[in-house]
Structures are given as C-alpha cells and as structure tokens.
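Trainee: I am new to this structure. Can we go through it piece by piece, with the reasoning spelled out?

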Amino acid sequence: MKIWITILLICAGNLFLAKAAEPDKRLNTAANANYLSTLEKEVVYEINLFRSNPAKYAEKYIAPLAQYYDRKILHYPGDVAIKTQEGVKALHECVRVLSKAHPLPIMYPNKGLTLAAIDHQKDQQKTGKTGHTGSDRSDMKERIERYCSWQTRIAENIAYGNSSARQVVIFLLIDDDVKNRGHRTNLLHPAFKTVGVTFGEHPIYQTMCVIDFAGDVD
C-alpha cells in the first residue's frame, strides 16, 4: 500500500509591514543561539546555504529531485512520498528562476523574531489551524512587535508536514500550489538580514515550521 503525506505551504504573499556534508562555518550564524533547537539551527544554516549561492543550491539540491516524481507524487528520497498539486513542473520553474538569482546576504538569528514564531506555532499546535492569523486574531506584525522593533520590512513563511531543514527550505522555494510564489520571494529578498525560526508539532500535519523575517530588529 502506498503512503504519502501532503505538504502544506501557507503563502506569505505580500505580507510586508539536513545539513551540508561539510558545513561552512561562515553560514552557521545560529551556532551559538542557545534558544534554538538543533533542527532550528539547521533551518537557519540551510537558508544561508541557499542564499549564499541560489543557482548552485538549485542545481545541487532541487533539480535532482525531478527524477523522483511519479505524476504528482514525489517519492522524496529517504522519506515518505509527498502528494503535490502541480507535479514536477513547479520544480522545473523553480530551478529556472534560481539559476538566474544572485548571491544574497546571509541571515542572523534573532530571539525576538523566534519568540514571535513560537507564539504562532504553539497556538496552532493547540487549534490545529493553518495560516498567519492567530486564535487571538493577531497577525505577524502584532506578534513580532510583542518582542522587538523592526526596520525596513517583515514577512512570514509557514510550512506544514516537513521532516528536515532541507525539506523545509526546498519546499518553500518550489512553492507548489502557491500562485505568487510568496515563500520563494521572501527567501530571495535581499533586504532580509535577521530571522526567527521555530519547528514544532501540528495536530493535523504532524510538524510545522514558522520562519519570521526582518530587515533588522532593535
């Protein structure tokens, strides 16, 4: 019997108000962030690995996944099969875009942004809901401003059902079934320099990862 999971990506839209084999220490900006779990540190590292060379990342880590698609089912290596909405064409479109992307500034973890992300994850762990609105009707901006002041711009990505840091980043970049590719846009935005990450449980999708971005924070 075939088993698959559905990966759900909640698009950030225009809301602006698996380690590498040999980790690059320059990209490991979360190494000393003791408020992050090992998996959350890996998410920060993976984001920086991608941003340091988007074209190379796409060629090395995303393009090879094309061979594992069977129509709209992705037999993700070493994991359960994943049911997609667009099939392999979304992956090919992602690789084409990233092949033209230039290196971006790496990001540094921030505790305030992480606390804002944790608030939302803990809330949805209880409610089983998805999306950017909390059960208290808070939005991303309200949650972030509970803990810090931000500059330039902010955004939020949420992924449900992923099992590793690399899978989180790759699926946010492919952005299957998200018309405006809002998650990819956030990961590619040159203004973002700080990031908060939390990885936790979700009653329907088993896991969820909330990533809050800011240009800078005070």
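Trainee: What covers the buried residues of H4?
Mentor: This is a predicted model. The buried residues of H4 include Leu113, Ala117 and His120. The cover over the buried residues of H4 includes H5, E7, E8 and strand E9 (206-217).

Trainee: How far apart are the end C-alpha atoms of H4?
Mentor: H4 has 17 residues. At 1.5 Å a residue, the span should be 24 Å. The model agrees, because the end C-alpha atoms of H4 are separated by 24 Å.

Trainee: Which residue caps the N-terminal end of H4?
Mentor: Look for a side-chain oxygen by the backbone nitrogen of Gly112. The two atoms are 2.9 Å apart. That oxygen belongs to Asn110.

Trainee: Which residue follows H4, and what is the sign of its phi?
Mentor: The residue after H4 is Gly128, with phi near 75°. The sign of phi for Gly128 is positive.

Trainee: Where is Asp139, and which backbone nitrogen does its side chain reach at 2.8 Å?
Mentor: Asp139 sits in the loop between helix H4 (111-127) and H5. A polar atom of its side chain lies 3.2 Å from the backbone nitrogen of Lys141. At 2.8 Å, the side chain of Asp139 reaches the backbone nitrogen of Glu142.

Trainee: Is Asp139 buried, exposed or partly exposed?
Mentor: Its relative accessible area is 32%. Buried needs under 20% and exposed needs over 50%. Asp139 falls in between, so it is partly exposed.

Trainee: What distance separates the C-alpha atoms of Asp139 and Glu156?
Mentor: Along the chain, Asp139 and Glu156 are 17 residues apart. In space, their C-alpha atoms are separated by 9.9 Å.

Trainee: Is Arg143 buried or exposed?
Mentor: Arg143 is found in helix H5 (residues 140-145). Its relative accessible area is 1%. Buried means under 20%, so Arg143 is buried.

Trainee: Which side chain makes a polar contact of 3.5 Å with the side chain of Arg143?
Mentor: Start with what Arg143 touches beyond four places in sequence: among them are Ala116, Asp119, His120 and Glu156. The polar contact of 3.5 Å joins the Arg143 side chain to that of His120.

Trainee: Which strand holds His202, and is His202 buried or exposed?
Mentor: His202 is in strand E8 (residues 194-202). Beyond four places in sequence, its contacts include Gln124, Gly128, Tyr160 and Met208. The relative accessibility of His202 is 4%. That is under 20%, so His202 is buried.

Trainee: Which backbone nitrogen lies 3.2 Å from a polar atom of the His202 side chain?
Mentor: The partner contributes its backbone, while His202 contributes its side chain. The nitrogen belongs to Tyr205.

Trainee: How are H1 and H2 oriented to each other?
Mentor: Helix H1 (residues 38-52) packs against helix H2 (residues 54-62) at about 110°, with the axes 5 Å apart. An angle of 65 to 115 degrees counts as roughly perpendicular. H1 and H2 are therefore roughly perpendicular.

Trainee: What kinds of residues make the contact of H1 with H2?
Mentor: H1 brings Glu46, Leu49, Phe50, Arg51 and Ser52. H2 brings Pro54, Tyr57 and Tyr61. The tally is 5 nonpolar, 1 polar and 2 charged.

Trainee: How many residues of H1 are buried?
Mentor: H1 has 15 residues and reaches 21 Å between its end C-alpha atoms, close to the expected 21 Å. Val43, Tyr45 and Ile47 are among its buried residues. H1 is mostly covered, and the count of buried residues is 12 of 15.

Trainee: What is the phi of Arg71, and what is that of Thr152?
Mentor: Most residues other than glycine have a negative phi. Arg71 is in the loop between strand E3 (69-70) and strand E4 (73-74), and is exposed at 75% relative accessible area. Thr152 lies in strand E7 (residues 150-160), and is exposed at 62%. Both have a positive phi: Arg71 about 60°, Thr152 about 75°.

Conventions:
Residues numbered from 1 in each chain as written. Predicted model: local features only at pLDDT ≥ 70, side-chain atom pairs only at ≥ 80, totals over all residues. Heavy atoms only, no water. Helix = DSSP H or I, 4+ residues; strand = E, 2+ residues; numbered from the N terminus. Buried < 20%, exposed > 50% of the residue type's maximum accessible area, 1.4 Å probe, protein only. Polar contact = N/O pair within 3.5 Å; in protein donor to acceptor, adjacent residues only side chain to side chain. Contact = heavy atoms within 4.5 Å. Axes fitted to C-alpha atoms, helices over the stretch in contact; angles between N-to-C directions. Parallel < 35°, antiparallel > 145°, perpendicular 65-115°, else oblique. Nonpolar A, V, L, I, M, F, W, Y, C, P; charged D, E, K, R; others polar. Expected span 1.5 Å × (residues − 1).
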